[in-house]
Each structure stands twice: as C-alpha cells, then as structure tokens.
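Open the model in your viewer and keep the selection tool ready. We will go stop by stop.

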Amino acid sequence: MLFSSYVPRWLQVLLTEKFFNACIIHEDARKNEKNIYCLDCCISICPHCLAPHSSHRLLQVRRYVYHDVIRLDDATKLMDCAFVQSYITNSAKVIFINQRPQTRHFRGSGNFCTICGRSLQDPYLFCSLSCKIDYLSRTEDGLSKFLFECNYLPLPDSGLDDGLVTPDSVLEPSCSTKTSSGSGGYDEVWCRALACTATTSEIVRKKRTSLTACRPTCPPVSEVSGNLMNRRKKAPQRAPLY
C-alpha cells in the first residue's frame with residue numbers, strides 16, 4: 001500500500017507492523033510476544049515493556065488464525081470505522097487490520113469489499129481497516145475528516161490477555177447472517193444442516209421401531225415341524241362326490 005502525506009505516521013506503522021514476534025529485549029521471558037502497539041512511539045512492544053509507555057496511547061492487538069485484529073471500540077476512538085465488517089469474538093467486536101489473502105476470487109451475486117473483492121455481509125463495504133484507508137486515501141478529501149483526535153487510549157481494565165483467539169472462539173459476523181435477499185448465511189445453512197440431520201435420524205429411528213413392532217412373530221422351527229407331522233398322520237380328506 002502506498003501512503004500519501006495525509007496518512008499519519010502512527011497509522012502507517014500500524015498497517016505495516018509485524019506483531020506477535022518475540023521481543024528481543026525480553027527474549028528469555030515468558031509471554032514476550034509483541035502484541036501491544038504504542039501510538040506515541042509508533043512501535044510494537046511486549047507486556048514486559050509497558051513501564052516506560054504507561055502514560056502513552058496503547059492499543060492491544062489480537063490474532064485470529066495468523067491475522068491481526070483490534071477491538072472495534074478502540075478503533076472507533078481513532079477513526080471512523082463505518083462500513084468496515086466487524087466480527088464478534090470473546091464477547092467483543094473486532095475488525096481486521098489488513099486484508100486477508102484469498103485462495104480464489106468469487107464474483108457471484110452479493111456484497112464485496114470495494115478494494116480486494118472479498119465477500120462481505122450487507123451493508124459492509126470494506127473487509128479490513130487497511131482497505132478503507134486505501135479507499136479514502138484515493139479520494140479528494142483524504143483521511144482528514146475520518147480521523148479523530150484521541151489523547152487518551154489505555155489498555156482494557158480487565159488487563160492484558162495473550163491476544164490469541166483460538167479456533168474454539170470462532171469469529172462470527174456481528175450483524176445477522178441473513179442477507180438482504182432473505183437467504184441464510186453460512187451459519188444459518190450449517191444450523192439447518194444440523195437440524196435436518198437430527199430430524200432424519202429421528203425419522204429413521206422411529207421407522208425402525210415401528211417396523212419391529214409391526215413385524216409378525218415367527219413361531220419356533222420345532223413348533224412348525226410338529227404341526228406338519230400332525231397333518232400327515234390324519235386320514236386324508238376326500239372331496240365329496242356329487
């Protein structure tokens with residue numbers, strides 16, 4: 001991404017910084033991943049480096065499947081994040097910092113990112129913060145009216161976490177999974193599939209039960225053989241003569 005002179009330094013570094021690398025200063029310490037961004041110094045730091053930056057504006061970066069995300073509440077204090085698709089993870093809304101690579105491009109019907117073409121939920125226009133910055137930097141007005149003055153940005157009161165969003169905390173779109181056409185999204189299709197599977201299993205189980213109940217009970221083989229022998233010992237019955 002080519003930055004114009006209207007993009008502030010802290011934002012340029014945020015979009016290009018490599019987070020979650022081991023801190024060289026505290027390489028022997030545990031949990032030394034650099035998952036904190038200092039907006040005043042424009043550097044990434046680890047939790048052991050916090051002391052000199054305690055009065056600075058700090059932003060915790062989290063990671064989901066090797067991609068960096070930040071809390072939407074923190075991002076909206078710095079800039080206008082309207083139309084950037086947000087997700088819910090660990091009971092908090094997050095947005096991706098940079099666009100994610102796609103294995104293939106699908107241009108069917110639906111909503112797509114204005115910059116990279118990634119499929120989105122309605123009414124979003126950007127898949128990440130970088131895509132919106134890229135779009136705004138090309139406009140005549142630039143970023144000036146979309147950036148906010150933020151003099152105080154502390155870390156969460158709950159304290160720092162490792163920033164890793166495990167696959168058990170799957171990201172979900174913060175809006176409804178239904179599109180404008182009324183068709184269900186990925187989650188709804190999955191839930192419907194589970195419901196259909198459960199219904200089918202119940203029907204099969206009930207059918208098997210009913211077949212077992214209605215199936216005629218066959219007498220033992222010895223009983224059948226005895227009946228045949230008794231029939232043979234009786235005198236033959238002749239047809240009446242007319």
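## Start at a strand pair

Select Arg-71 and Val-94: Val-94, in β7, is the bridge partner of Arg-71. This is a predicted model. Now widen the selection to both strands. β5 pairs with β7 (residues 92-96) in the antiparallel sense, over three bridges.

Next, add the strand β4, residues 62-64. β4 and β5 (residues 67-71) run antiparallel, and three bridges join them. Pick Arg-63 and look across to β5, where its bridge partner is Asp-68. Then go to the turn. Two residues sit between the strands of this hairpin of β4 and β5, and Val-65 takes a positive phi near 50° there.

## Zoom out

Show the whole protein. Count five helices and eleven strands. The chain has 242 residues, and 33% of them count as buried. Now think about contacts between residues with a separation of 6 or more. Of these, 54% join residues 24 or more positions apart.

## Helix α1

Select residues 9-16, which form helix α1. Which residues of α1 are buried? Colour Trp-10, Leu-11, Val-13, Leu-14 and Leu-15 to see them. A general point helps here. An α-helix has 3.6 residues a turn, so residues three or four places apart point the same way.

What covers the buried residues of α1? Among the elements that do so are β1 (36-38), β3 (58-60) and α3 (129-137). Show them one at a time.

## Helix α3

Move on to α3. This helix is largely enclosed by the rest of the structure, because seven of its nine residues are buried. Select the buried ones: Leu-129, Ser-130, Cys-131, Lys-132, Ile-133, Asp-134 and Leu-136. The cover over them includes α1, β5 and β7. You have already visited these three elements.

Stay in α3 and pick Cys-131. Is Cys-131 buried or exposed? Cys-131 is buried, with a relative accessible area of 0%. Leaving out residues up to four places away in sequence, Cys-131 touches Gln-99, Cys-113, Ile-115, Cys-116 and Phe-126. Now draw a distance from the C-alpha atom of Cys-131 to that of Asn-98. The separation is 7.2 Å, although the two residues are 33 residues apart along the chain.

## Check the cysteines

How many disulfides does the count come to? The count is zero. Select Cys-23, which is in no disulfide: the nearest cysteine sulfur belongs to Cys-49 and is 3.8 Å away. The cut-off for a disulfide is 2.5 Å between the sulfur atoms, so a pair at 3.8 Å does not qualify. Cys-23 is buried, at 4% relative accessible area.

Now try Cys-42. Cys-42 is in no disulfide either; the nearest cysteine sulfur, that of Cys-38, lies 7.6 Å away. Cys-42 also counts as buried, at 16% relative accessibility. The cut-off explains this, because buried means under 20%.

## Finish at a pocket

Last stop: the second largest pocket, with a volume of about 200 Å³. Select its lining in two steps. Begin with Leu-15, Thr-16, Glu-17, Lys-18 and Phe-19, which are among the lining residues. Then add the others: Arg-63, Tyr-66, His-67, Asp-68, Ile-97, Asn-98 and Gln-99.

Which elements each supply at least two residues of this lining? α1 and β5 do. Colour the lining by residue type. The lining divides into four nonpolar, four polar and four charged residues. Two of the names come from the hairpin stop: Arg-63 and Asp-68, the bridge partners, both line this pocket.

Methods
Residues are numbered from 1 along each chain as its sequence is written. This is a predicted model: local features need pLDDT of at least 70, side-chain atom pairs count only at pLDDT 80 or more; totals for chains, interfaces and linings use all residues. Side-chain values use heavy atoms; hydrogens and water are left out. Buried means under 20% relative accessible area, exposed over 50%, partly exposed in between (1.4 Å probe, protein chains only). Helices (H or I, at least four residues) and strands (E, at least two) are DSSP runs, numbered from the N terminus. Contact means heavy atoms within 4.5 Å. Two strands pair if DSSP finds at least two bridges between them. On a 1 Å grid over the protein atoms alone, a cavity is a set of points where a 1.4 Å probe fits but cannot get out, and a pocket is an open set with protein on both sides within 12 Å along at least five of seven lines; lining residues have an atom within 4 Å of a point. Grid points are joined across faces, edges and corners, and a volume is the space filled by probe spheres set on the points. Ala, Val, Leu, Ile, Met, Phe, Trp, Tyr, Cys and Pro count as nonpolar, Asp, Glu, Lys and Arg as charged, and the others, Gly among them, as polar.
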